[in-house]
Amino acid sequence: MFKYFIFDLDGTLAYTIGDLRNAMNLTFEKYGFPLVDDAKVLASINHGTKDFVRKCLPEKAEKTDDFINEVIDEYLKIYGENCLLYTKPYEHVNDILDHGKKNGAKMAVFSNKHDPCTKHIVKTLFPNVFDVVLGGGTEFPHKP
């Protein structure tokens with residue numbers, strides 16, 4: 001039997017596209033940018049928040065580091081307040097996690113999602129399951 005399990009969050013434990021899209025669109029509304037759809041979100045995620053925001057920005061948007069950082073700050077504020085409107089665990093995930101926990105496995109989440117949001121989502125959707133939860137911005141590099 002395995003002793004350790006490390007999970008990603010987005011697209012592995014929980015379906016998060018709706019909240020990612022919603023937060024990006026609320027952010028973009030403040031800047032007068034066109035809204036993004038699920039396909040754009042899916043094509044833009046997986047390499048951390050800065051890359052996600054940069055890839056979602058419209059072609060004509062300013063792409064300086066200062067501006068991107070401003071948009072990231074706004075996005076993280078909005079997402080942090082709205083990260084559990086649509087996010088739900090995948091079917092049967094809790095059964096799998098319960099099985100691992102009952103068999104004494106140590107469980108962890110390691111996500112590129114911003115660390116405070118990762119911790120909030122995991123604590124809410126999967127209370128008392130994970131021994132370690134780490135998100136983006138921690139001392140570890142983004143996952144490949």
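## Charged side chains in a predicted model

Glu-74 touches Thr-27, Lys-30 and Tyr-31, leaving aside residues up to four places away in sequence. This is a predicted model, and the values below are computed from it.

Glu-74 is found in helix H4, which covers residues 65-81. Is Glu-74 buried or exposed? Its relative accessible area is 18%. Because buried means under 20% relative accessible area, Glu-74 counts as buried.

**Salt bridges**

Side chains of opposite charge can pair when their charged atoms come close. How many salt bridges does the count come to? The count comes to seven salt bridges. Three of these pairs are described here, beginning with one that involves Glu-74.

Glu-74 forms a salt bridge with Lys-30, and the closest N and O atoms are 3.2 Å apart. The pair links distant parts of the chain, with Glu-74 in helix H4 and Lys-30 in helix H1 (residues 17-31), 44 residues apart. The two partners differ in their cover: Glu-74 is buried at 18%, whereas Lys-30 is exposed, with a relative accessible area of 54%.

A second salt bridge joins the side chains of Asp-51 and Lys-55, at 3.1 Å from N to O. Asp-51 and Lys-55 are four residues apart in helix H3 (residues 49-56), so about one helical turn separates them. Asp-51 counts as buried, at 17% relative accessibility, while Lys-55 counts as partly exposed, at 34%.

In a third salt bridge, Lys-101 pairs with Asp-131, and the closest N and O atoms are 3.3 Å apart. Lys-101 lies in helix H5 (residues 93-102) and Asp-131 in the loop between helix H6 (115-125) and strand E5 (132-136), so the pair ties together parts that are 30 residues apart in sequence. Lys-101 counts as partly exposed, at 30% relative accessibility. Asp-131 also counts as partly exposed, at 40%.

The N to O distances of these pairs are listed below.

| Salt bridge | N to O distance |
|---|---|
| Glu-74 and Lys-30 | 3.2 Å |
| Asp-51 and Lys-55 | 3.1 Å |
| Lys-101 and Asp-131 | 3.3 Å |

**A negative patch**

Which residues form a negative surface patch? The patch is made up of Glu-62, Asp-66, Glu-70 and Asp-73. One of these residues, Asp-66, is found in helix H4. Asp-66 has 65% relative accessibility and counts as exposed, because exposed means over 50% relative accessible area. Glu-74 is also found in helix H4, but Glu-74 is buried.

**A glycine in helix H5**

Gly-100 has its place in helix H5. With a relative accessible area of 8%, Gly-100 is buried. Not counting residues up to four places away in sequence, Gly-100 touches Ala-105 and Met-107. Between Gly-100 and Lys-55 there are 36 Å in space, C-alpha to C-alpha, and the two are 45 residues apart in sequence.

**Positive phi angles**

Which residue in the loop between strand E3 (88-89) and H5 is to be noted here? That residue is His-92. His-92 has a positive phi of about 75 degrees, although it is not a glycine.

Asn-128 is not a glycine either, and has a positive phi of about 60 degrees. Asn-128 is found in the loop between H6 and E5, and Asp-131 lies in the loop between those elements too. Asn-128 is exposed, with a relative accessible area of 76%.

Notes
Residues are numbered from 1 along each chain as its sequence is written. This is a predicted model: local features need pLDDT of at least 70, side-chain atom pairs count only at pLDDT 80 or more; totals for chains, interfaces and linings use all residues. Side-chain values use heavy atoms; hydrogens and water are left out. Patches are made of residues with over 30% relative accessible area and no salt bridge: like charges are joined within 9 Å, nonpolar side chains (Val, Leu, Ile, Met, Phe, Trp, Tyr) within 5 Å. Accessible areas come from the Shrake-Rupley method with a 1.4 Å probe; for residues, only the protein chains shown count as cover. A salt bridge is a side-chain nitrogen of Lys or Arg within 4 Å of a carboxyl oxygen of Asp or Glu. Lys and Arg count as positive and Asp and Glu as negative; His and the chain ends are not counted. The place of a charge is taken as NZ of Lys, CZ of Arg, CG of Asp or CD of Glu. Helices (H or I, at least four residues) and strands (E, at least two) are DSSP runs, numbered from the N terminus. Buried means under 20% relative accessible area, exposed over 50%, partly exposed in between (1.4 Å probe, protein chains only). Contact means heavy atoms within 4.5 Å.
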